[in-house]
Amino acid sequence: MTTEKIPHQYSDETRLTILELSINNINNTLVRFEKRFDQIDNKFDKVNEKLETILKESNADFRWLVKFIISTSIGLGALMAHGFHWF
């Protein structure tokens, strides 16, 4: 499709036909874009669902990790206190 201006030597009927063809091409392109964006939207929805399930599963793992770190810190603190004869 060219971006050249249509010369005035064409009849009005020809110019109208060319304009209708251009509009149809633009419409077809917009329909293709819409289909493509729908596909991308569906992929984002799938990724969101996967992230939500991962976060739900890892939330329990994260709590377990925090409990482990706290208990290890308390244990090491008690061991150091006993080693330095603080109690």
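1. Glutamate 34 counts as exposed, because its relative accessibility is 52% and the category of exposed residues begins over 50%. In this predicted model, glutamate 34 is found in helix H1, which comprises residues 12-83. Glutamate 34 also belongs to a patch of negative charge on the surface, where it gathers with Asp38, Asp41, Asp45, Glu49 and Glu52.

2. A patch of positive charge is likewise present on the surface, and its members are Arg36, Lys43, Lys46 and Lys50. Lysine 50 may serve as the example here. Its place is in helix H1, and with a relative accessible area of 57% lysine 50 is exposed.

3. The overall architecture can be stated briefly. The secondary structure of the protein consists of one helix and zero strands. Of the 87 residues of the protein, 1% count as buried, a class that requires under 20% relative accessible area. The protein exposes about 8600 Å². Carbon and sulfur atoms supply 63% of that exposed area.

4. The surface also carries a nonpolar patch, formed by Phe62, Trp64, Leu65, Val66, Phe68, Ile69, Ile70 and Ile74. Together these residues have about 840 Å² of accessible area. One of the members, tryptophan 64, is found in helix H1 and is exposed, its relative accessible area being 58%.

5. How many aromatic pairs does a search of the whole structure find? The search finds two. In the pair of tryptophan 64 and phenylalanine 68, the ring centres are 5.8 Å apart and the planes meet at 10°, so the pair is stacked; the cut-off for stacking is an angle under 30 degrees. Both tryptophan 64 and phenylalanine 68 lie in helix H1, and they are four residues apart, which corresponds to about one turn of the helix.

6. Is phenylalanine 68 exposed or partly exposed? Phenylalanine 68 counts as partly exposed, because its relative accessibility is 45% and the partly exposed class ends where exposed begins, over 50%. Its partner tryptophan 64, with a relative accessible area of 58%, is exposed.

7. Phenylalanine 84 and tryptophan 86 form an aromatic pair that is also stacked, with 5.3 Å from centre to centre and 25° between the planes. Phenylalanine 84 and tryptophan 86 are both exposed.

8. Histidine 85 deserves a separate remark on its backbone. Where is histidine 85 found? Its place is the segment after H1. Most residues other than glycine have a negative phi. Histidine 85, although it is not a glycine, has a positive phi of about 55°. As for its side of the solvent boundary, histidine 85 counts as exposed, because its relative accessibility is 70%.

Terms used. Residues are numbered from 1 along each chain as its sequence is written. This is a predicted model: local features need pLDDT of at least 70, side-chain atom pairs count only at pLDDT 80 or more; totals for chains, interfaces and linings use all residues. Side-chain values use heavy atoms; hydrogens and water are left out. Patches are made of residues with over 30% relative accessible area and no salt bridge: like charges are joined within 9 Å, nonpolar side chains (Val, Leu, Ile, Met, Phe, Trp, Tyr) within 5 Å. Accessible areas come from the Shrake-Rupley method with a 1.4 Å probe; for residues, only the protein chains shown count as cover. A salt bridge is a side-chain nitrogen of Lys or Arg within 4 Å of a carboxyl oxygen of Asp or Glu. Lys and Arg count as positive and Asp and Glu as negative; His and the chain ends are not counted. The place of a charge is taken as NZ of Lys, CZ of Arg, CG of Asp or CD of Glu. Helices (H or I, at least four residues) and strands (E, at least two) are DSSP runs, numbered from the N terminus. Buried means under 20% relative accessible area, exposed over 50%, partly exposed in between (1.4 Å probe, protein chains only). Rings of Phe, Tyr and Trp (its six-membered ring) pair if their centres lie within 6.5 Å; planes under 30 degrees apart count as stacked, over 60 as edge-to-face and the rest as tilted.
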